[in-house]
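Hello,

Here is the structure I promised to pass on to you. Have a look at it first, and then read on for my notes.

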Amino acid sequence: RIKTAKTKNKKKELEKAKIYKRAKNESSTLTIREFKIAGATLYWGEGRKHDGMVGLVNSDPKIIKFFIKWLKRICNVPQENIRMEIHLYPDSDVKYLTQFWSNITSIPKKQFLKTQIDKRKNKKAGKKGKLPFGTAHVYVYSGKSGKYGYRLYEKIRGWIDGIVIE
């Protein structure tokens with residue numbers, strides 16, 4: 001019997017779905033330690049590493065959501081100490097995307113900093129639509145206690161250095 005391309009493709013898609021589901025189940029329940037390490041490595045790769053301020057920039061809503069969850073649960077950062085700033089393009093719907101990021105992160109819009117619009121003229125046309133949600137910038141503000149500024153930054157650096165295999 002000759003297998004058609006459509007049949008082969010369907011079989012491959014089913015196999016991919018099975019692999020994905022199995023892998024998702026393997027990592028769906030993290031211990032506190034694993035969650036701490038996962039967040040620290042995310043910060044290590046994507047986080048702001050200057051000025052002693054904890055922050056992260058990314059365009060992937062899942063990464064931003066994970067990071068905020070990590071800040072709250074592992075770093076004990078109160079939600080009111082988390083600020084968001086979104087960077088968009090001139091053709092972006094600012095109101096819609098502000099609401100989108102607020103919904104994704106559960107950060108109230110009143111904690112959003114001024115939206116930044118990229119108005120550079122030399123942006124390539126081929127980039128249009130590549131970042132449909134723009135980029136979200138998450139910042140942790142120290143607050144009056146000073147607990148979440150450089151102290152948190154140094155703690156995260158310590159976690160990262162504790163992970164590093166030399």
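Below is what turned up when I went through it. Please keep in mind that this is a predicted model.

Helix packing

Let me start with two helices, H3 (residues 61-73) and H4 (residues 94-105). Their axes approach to within 9 Å and cross at roughly 45°, which makes H3 oblique to H4. The crossing of H3 past H4 is right-handed. On the H3 side, the residues in contact are Pro61, Ile64, Lys65, Ile68 and Lys72, and they meet Phe100, Trp101, Ile104 and Thr105 of H4.

Aromatic residues

Two of those H4 contact residues, Phe100 and Trp101, come up again when you look at the rings. Seven aromatic pairs were found in a search of the whole structure. For Phe100 and Trp101, the ring centres are 5.3 Å apart and the planes stand at 80°, so this pair counts as edge-to-face, the label for angles over 60 degrees. Both residues are buried: Phe100 has a relative accessible area of 16%, and Trp101 has one of 0%.

There is also an aromatic cluster, made up of Tyr43, Phe67, Trp70 and Trp159. Elsewhere, a charged side chain meets a ring: Arg83 lies over the face of Tyr141, 5.3 Å from the ring centre.

Loops

Three loop residues may interest you. In general, most residues other than glycine have a negative phi. Against that background, which phi does Asp51 have? The value is positive, about 70°, although Asp51 is not a glycine. You will find Asp51 in the loop between helix H2 (32-46) and strand S1 (55-58). Its relative accessible area is 62%, so Asp51 is exposed, the cut-off being over 50%.

Asn76 is another non-glycine residue with a positive phi, in this case near 60°. The loop that holds Asn76 runs between H3 and S2. With a relative accessible area of 53%, Asn76 is exposed.

The third is Tyr89, in the loop between strand S2 (82-88) and H4. Tyr89 is partly exposed, at a relative accessible area of 24%. From C-alpha to C-alpha, Tyr89 and Thr115 are 10 Å apart in space, while 26 residues separate them in sequence.

If you open the model yourself, the contact between H3 and H4 is a good place to begin, with Phe100 and Trp101 among the H4 residues there. I would be glad to hear your thoughts.

Best wishes

Terms used. Residues are numbered from 1 along each chain as its sequence is written. Side-chain values use heavy atoms; hydrogens and water are left out. Rings of Phe, Tyr and Trp (its six-membered ring) pair if their centres lie within 6.5 Å; planes under 30 degrees apart count as stacked, over 60 as edge-to-face and the rest as tilted. Buried means under 20% relative accessible area, exposed over 50%, partly exposed in between (1.4 Å probe, protein chains only). A charge sits over a ring if NZ of Lys or CZ of Arg is within 6 Å of the ring centre and within 35 degrees of the ring normal. Axes are lines fitted to C-alpha atoms, for helices over the stretch in contact, and angles run from 0 to 180 degrees between N-to-C directions. Helices (H or I, at least four residues) and strands (E, at least two) are DSSP runs, numbered from the N terminus. Angles under 35 degrees count as roughly parallel, over 145 as roughly antiparallel, 65 to 115 as roughly perpendicular and the rest as oblique. A crossing is left-handed if the near helix is turned anticlockwise from the far one by less than a right angle, and right-handed if clockwise. Contact means heavy atoms within 4.5 Å.
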